[in-house]
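Colleague: I should like to take a close look at a single part of this model. Please explain it step by step, as one would to a first-year student.

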Amino acid sequence: MVDLEQLAVEHAAKAAESPHGRSAHLVLHDGVLRQTVIALTAGTSLDEHNAPAAASLQVLRGRVSLTVAGQRQELTAGRLHPIPQERHGLLAHVDSVVLLTAVTA
C-alpha cells in the first residue's frame with residue numbers, strides 16, 4: 001500500500017532542493033497503467049507535451065493550472081481532472097504535488 005501523503009511530503013522537499021524545482025516518482029506501473037507523483041515548486045512548469053491514451057490529474061496539495069490549446073484551467077487540492085487527449089502543459093502557482101494517472105497504449 002502506498003502512502004500518498006508521505007510521498008507528497010518527500011517529493012515536495014526534493015523539488016525544493018532541485019535546481020529544476022521538480023521531483024517525480026513512479027508509484028505504480030502495472031501493464032499499461034502508470035501512476036506518478038509529481039512535485040513542482042511555485043512557478044515551475046512542465047512544458048507542453050503529448051497526452052497518453054487516457055489520463056487524469058489529482059491535485060494532492062497546492063494549486064496548478066492545466067493548459068490545453070492555450071486555455072488554462074486552475075485546479076486546487078482535492079480536485080481530480082481528466083486530461084484531454086491533446087497537447088497540454090502544467091504550471092504550479094504555489095508549491096504543489098499532483099498524482100498523474102496514465103494509460104499508455
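Colleague: Which residues does His-11 touch, not counting residues up to four places away in sequence?

Modeller: This is a predicted model, in which local features need pLDDT of at least 70 and side-chain atom pairs count only at pLDDT 80 or more, while totals for chains, interfaces and linings use all residues. Residues are numbered from 1 along each chain as its sequence is written, and side-chain values use heavy atoms, with hydrogens and water left out.

With residues up to four places away in sequence set aside, His-11 touches Ser-23, Ala-24, His-25 and Ala-39; contact means heavy atoms within 4.5 Å. His-11 belongs to helix 1. Helices (H or I, at least four residues) and strands (E, at least two) are DSSP runs, numbered from the N terminus. The relative accessibility of His-11 is 3%, so this residue counts as buried; buried means under 20% relative accessible area, exposed over 50%, and partly exposed in between, with a 1.4 Å probe and protein chains only.

The surroundings of His-11 become clearer when the whole helix is considered. Helix 1 covers residues 4-17. Its 14 residues, at 1.5 Å a residue, should span 20 Å, and the end C-alpha atoms are indeed 20 Å apart; the expected span is 1.5 Å times one less than the number of residues. Besides His-11, the buried residues of helix 1 are Leu-7, Ala-8 and Ala-15. Seen down the helix axis, the buried residues fall within an arc of 100°, so they line one face of helix 1; the arc is that of the directions from the helix axis to the C-beta atoms. An α-helix has 3.6 residues a turn, so residues three or four places apart point the same way. The face of helix 1 turned away from the buried side carries the exposed residues Gln-6, Ala-16 and Glu-17.

What does the buried side of helix 1 pack against? The buried residues pack against strand 1, strand 2, strand 4 and strand 9. Helix 1 lies across these strands, with strand 2 covering residues 33-40, and runs at about 145° to strand 1. Here axes are lines fitted to C-alpha atoms, for helices over the stretch in contact, and angles run from 0 to 180 degrees between N-to-C directions.

The strands beneath the helix belong to an open sheet of five strands, in the order 1-2-9-4-7 and with antiparallel pairing. Two strands pair if DSSP finds at least two bridges between them. Strand 1 (22-30) and strand 7 (80-82) are the edge strands, each pairing on one side only. On average, neighbouring strands of this sheet are turned by 20° against each other, direction ignored. Within the sheet, strand 4 (residues 54-61) and strand 9 (residues 96-103) are antiparallel and share seven bridges. Gln-58 stands opposite Leu-99 in strand 9, and Ala-54 stands opposite Val-103 in that strand. Strand 4 also pairs with strand 7 in the antiparallel sense, over three bridges, with Leu-57 opposite His-81 in strand 7.

Salt bridges add a further link between the helix and this sheet. A salt bridge is a side-chain nitrogen of Lys or Arg within 4 Å of a carboxyl oxygen of Asp or Glu, and by this rule the count comes to four. One of them joins Arg-61 to Glu-5, whose closest N and O atoms are 2.5 Å apart. Arg-61 lies in strand 4 and Glu-5 in helix 1, so the pair ties together parts that are 56 residues apart in sequence. Arg-61 is partly exposed, with a relative accessible area of 29%, and Glu-5 is partly exposed as well, at 44%.

Another salt bridge remains inside the helix. Glu-10 pairs with Lys-14, the closest N and O atoms being 3.5 Å apart. Both residues lie in helix 1, four residues apart, which is about one turn of the helix. Glu-10 is partly exposed at 33% relative accessible area, and Lys-14 is partly exposed at 40%.

To return to the residue in question, His-11 is buried at 3% relative accessibility, on a side of helix 1 that packs against strands 1, 2, 4 and 9.
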